Amino acid sequence: MANVLTEERRLAVLAVLVNGGSVRAAERQTGVHRDTIVRLMLSIGEGCQRLHDRMVRDLACPFVDFDEQHSWCGKRQAHVQEGDGADVGEQWTWASICRTSQFVIAWHVGKRDAASAEIIVGDTRARLAVMPQVATDGLALYEAPIARHFSRAVPYVQTIKRFAHGGGGRPGFAEKFSHARGVDFIEKRAVLGAPDMSKATTYAIERSNLTNRQWNARLHRRTLAFSKRLDSHRASIAIGYVYRNLCHVPRNMRVSPAMAAGVTDRLWTLAELLAAVLAEKEGDKPAAQPLTIPKPEGAARELPGGRGWLRVLPGGPGGPAPSPAPATPPAAPAASSGLTFDADGQADLFSWTPKARPLPPRGTQLDLFWDPPPEGR
């Protein structure tokens, strides 16, 4: 391809693809044939995956969110027939993101099943060096892989959206169109460990999915630019994520996600990315290393053998004793109440004796502390 396309034309094709253009749109704008664009895209996508495998290792992400995004390949699931194969129909983009840096840690394109959940959780775990707090939606497929790869001590919380129901009782309406009705409330459920519930959310990965759908023509809803082949679909997903990690600065940040995550020290240009991915050689996938358990906030003691931390509660053994609360001064005795008070200022109700005074007017409730009005009123 280097003998056919100049660097300027390859850059022009890549610029269209990473900014929401389809293959045919890139063909119209650059004059490059669509078959050549697809071959170039496959080479760049494979190089992006190799570059990501080499660079993204030993991350220290305090919060990691998982989610999956719907798309299709070849035809919609309703039109899939027996014998079409697993490459046709619904395809889900599974991804994990570091919430603080907005860095996409790993991704996988496959079906919405336990095998795909195992792949994305295992790939994410292999790229981490510090135990994070994990957040997902209510999909039960995440629970077993997270417990297996991160151990049952990982702080893992699910944020489950409860959608408004409607549709006049029509079967399946609320389940299919509940996103248009809005979210009634979000239920947070601790699954493993002791997560900080105040920091449990999946907004970062959901916002990433929205950006993914806007910037990748194959993921648009009701689009004609959907992928016809699964390898093209996977290459397009890889290009989009690597470009966002290395070459894009989010508007609420001053650096790229890769710079914020410590993966690189500079903002990459599109030309640097193209040259790097085409020259990237095949390498090994990252392997899982022992995770460092971060010190919790407040007083804590480290357990031997790197097994974590023991939080010290106030007033417990080894912890500072709580300061005594200031004494509350006793309330002043009520004037002319007819009661006696002990040394602590407590009233003795049984010592009350009525005074020689007239009773309240008939028909009113008796008040033990009622005083008659002055004479003449």
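In which sense do β1 and strand β2 (residues 89-98) pair, and over how many bridges? They pair in the antiparallel sense, over 9 bridges. This is a predicted model. Two topics follow: the strand β1 with its partners, and the largest cavity with its lining.

**Strand β1 and its partners**

- Strand β1 covers residues 63-73, and 10 of its 11 residues are buried.
- The strand is therefore largely enclosed by the rest of the structure. Buried here means under 20% relative accessible area.
- On the β2 side, Ser71 stands opposite Gln91.
- β1 also pairs with strand β4 (residues 133-136). These two strands run parallel and are joined by 3 bridges.
- Asp65 has Ala135 of β4 as its bridge partner.
- β1 thus has an antiparallel pairing with β2 and a parallel one with β4.

**The cavity**

- The structure holds 1 cavity of 30 Å³ or more.
- The volume of the largest cavity is about 50 Å³.

**Lining of the largest cavity**

- Leu51, His52, Met55, Val56, Phe103, Val242, Asn245, Leu246 and Val263 form the lining.
- Two helices, α3 (34-55) and α8 (230-247), each supply at least two of the lining residues.
- By class, the lining has 7 nonpolar residues and 2 polar ones. No charged residue lines the cavity.
- The polar members are His52 and Asn245. The nonpolar members include Phe103 and Val263.

Terms used
Residues numbered from 1 in each chain as written. Predicted model: local features only at pLDDT ≥ 70, side-chain atom pairs only at ≥ 80, totals over all residues. Heavy atoms only, no water. 1 Å grid on protein atoms, 1.4 Å probe; cavity = no way out; pocket = protein on both sides within 12 Å on 5 of 7 lines; lining within 4 Å. Points joined across faces, edges and corners; volume = space filled by probe spheres on them. Helix = DSSP H or I, 4+ residues; strand = E, 2+ residues; numbered from the N terminus. Buried < 20%, exposed > 50% of the residue type's maximum accessible area, 1.4 Å probe, protein only. Pairing = 2+ DSSP bridges.
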